[in-house]
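Here is a short report on one protein chain. Look over the sequence and the structure first, then read on.

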Amino acid sequence: MSQVIINVLSNAIDFCPKQQGKIEIITNRIKNNIHIIIKDNGMGISKENIDKIFVKYYQVDTTLTREHGGTGIGLSLSKIIVENHNGKIWAESNGLDKGSEIHIQLPTI
């Protein structure tokens, strides 16, 4: 699970504004689940791409001059890890330039 948190935080750091970036980590316990939200004020995710970001090797920006590197496997591996722990992971965003939230829900032991 530490790798999941590292992957999600790394993405939040990469996609936040360099000068005024803000990342929040919110945790809640809802019945028999732990709910973790990693929220940023970065570039956001368009509605047409939000479900694709957990697909292996998927990159929102595929141009050769893209600003953000990476291989596109961090979130797909995170999804596998979370689901192997009987949890769920999903993204929410109000669109481009409106930040994003990655939600992780895991059952308590």
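Helices (H or I, at least four residues) and strands (E, at least two) are DSSP runs, numbered from the N terminus. This is a predicted model, in which local features need pLDDT of at least 70, side-chain atom pairs count only at pLDDT 80 or more, and totals for chains, interfaces and linings use all residues. Residues are numbered from 1 along each chain as its sequence is written, and side-chain values use heavy atoms, with hydrogens and water left out.

## Overall layout

The protein chain holds 2 helices and 4 strands. Read from the N terminus, the order of elements is α-β-β-α-β-β. Of the 109 residues, 35% are buried. Buried means under 20% relative accessible area, exposed means over 50%, and partly exposed lies in between (1.4 Å probe, protein chains only).

The chain exposes about 7300 Å². Carbon and sulfur atoms supply 53% of that area. Accessible areas come from the Shrake-Rupley method with a 1.4 Å probe; for residues, only the protein chains shown count as cover.

Contact means heavy atoms within 4.5 Å. Take the contacts between residues at least 6 apart in sequence: 55% of them join residues at least 24 apart.

## Helix α1

Helix α1 covers residues 2–15. Its end C-alpha atoms are 20 Å apart, which agrees with the 20 Å that its 14 residues should span at 1.5 Å a residue. The expected span is 1.5 Å times one less than the number of residues.

Which residues of α1 are buried? They are V4, N7, V8 and A12. These cover an arc of only 130 degrees around the axis, so they sit on the same side of α1. The arc is that of the directions from the helix axis to the C-beta atoms. On the other side of α1, S2 and I13 are exposed.

Several elements cover the buried residues of α1. Among them are β1 (23–30), β2 (33–40), α2 (74–84), β3 (88–92) and β4 (100–107).

I6 also belongs to α1. I6 counts as partly exposed because its relative accessibility is 46%. The C-alpha atoms of I6 and G74 are 9.1 Å apart, although 68 residues separate the two along the chain.

## Helix α2

In α2, the buried residues are L75, S76, S78 and V82. They fall within an arc of 155 degrees seen down the axis, so they line one face of the helix. Their cover includes α1, β3 and β4.

## The nonpolar core

A nonpolar core is a set of buried Ala, Val, Leu, Ile, Met, Phe, Trp, Tyr and Cys residues joined through side-chain atoms within 4.5 Å. The largest one here has 16 residues. Those with the most contacts inside it are V8, I53, F54, I89, A91, I102 and I104. At least two residues of this core come from each of α1, β2, α2, β3 and β4.

F54 touches L75, S76, K79, I89, W90, A91 and I102, leaving out residues up to four places away in sequence.

## Loop residues

Four loop residues are worth a look. The table gives their places and their relative accessibility.

| Residue | Loop | Relative accessibility | State |
|---|---|---|---|
| N49 | between β2 and α2 | 13% | buried |
| N86 | between α2 and β3 | 65% | exposed |
| S93 | between β3 and β4 | 14% | buried |
| D97 | between β3 and β4 | 68% | exposed |

What does S93 contact, leaving aside its neighbours within four places in sequence? The partners are G44, I45, I50, G99 and S100. Two polar contacts involve its side chain. A polar contact is a pair of N or O atoms within 3.5 Å; within protein, one must be able to donate a hydrogen and the other to accept it, and residues adjacent in sequence count only if both atoms are side-chain atoms. A polar atom of the S93 side chain lies 3.0 Å from the backbone nitrogen of I45. The S93 side chain also reaches the backbone oxygen of G99 at 2.7 Å.

N49 and G95 are 46 residues apart along the chain. Their C-alpha atoms are separated by 9.7 Å.

Now the backbone angles. Most residues other than glycine have a negative phi. N86, just after α2, takes a positive phi of about 60 degrees. D97 has a positive phi of about 65 degrees, though it is not a glycine.
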